[in-house]
Amino acid sequence: SPIELSGLFKLFQRASSAERTGQKGWGIGLTLVKGIVEAHGGSISVKSETGNGTTFTVELPIQTHPKKAKGDA
């Protein structure tokens, strides 16, 4: 549902369908994925349709020149 989608990336949030089916989990996976994607300058989105499934889209920037870490020559 749209209400569940809005909280999907929140820490310890689980979909009601996962709880109904007894699927185990802590509700940290999508929060972790979002943090990693955003740390790399990207974004993550989700679309879901009842009966058609759920699609997650991850977009990451293409970096043509790697940044040098402090202290690198």
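Author: Two strands pair if DSSP finds at least two bridges between them. Strands are DSSP runs (E, at least two residues), as helices are (H or I, at least four), and both are numbered from the N terminus. This is a predicted model in which local features need pLDDT of at least 70 and side-chain atom pairs count only at pLDDT 80 or more, while totals for chains, interfaces and linings use all residues. Residues are numbered from 1 along each chain as its sequence is written, and side-chain values use heavy atoms, with hydrogens and water left out.

Reader: What makes E1 and E2 a pair?

Author: Strand E1 (residues 43–49) and strand E2 (residues 53–59) share seven bridges in the antiparallel sense, and the definition asks for at least two. For one of the partners, look at Ser45, which bridges to Thr57 in E2. The two strands form a hairpin with three residues between them. In that turn, Gly51 has a positive phi of about 85°.

Reader: Where do these strands come in the order of elements?

Author: Reading from the N terminus, the order is α-α-α-β-β, which gives three helices and two strands.

Reader: How many aromatic pairs are there, and why is the pair of Phe9 and Phe56 called edge-to-face?

Author: There is one aromatic pair. Rings of Phe, Tyr and Trp (its six-membered ring) pair if their centres lie within 6.5 Å; planes under 30 degrees apart count as stacked, over 60 as edge-to-face and the rest as tilted. The ring centres of Phe9 and Phe56 are 6.4 Å apart and their planes stand at 85°, so the pair is edge-to-face. It links distant parts of the chain: Phe9 sits in the loop between helix H1 (2–6) and H2, and Phe56 in strand E2, 47 residues apart.

Reader: Which of the words buried, partly exposed and exposed fits Phe9, and which fits Phe56?

Author: Buried means under 20% relative accessible area, exposed over 50%, and partly exposed in between (1.4 Å probe, protein chains only). Phe9 has 16%, so Phe9 is buried. Phe56 has 39%, so Phe56 is partly exposed. Across the chain, buried residues make up 12% of the 73 residues.

Reader: What about Ile28: buried or exposed?

Author: Neither word fits, because its relative accessible area is 33%, and Ile28 is therefore partly exposed. You will find Ile28 in the loop between helix H2 (16–20) and helix H3 (29–39).
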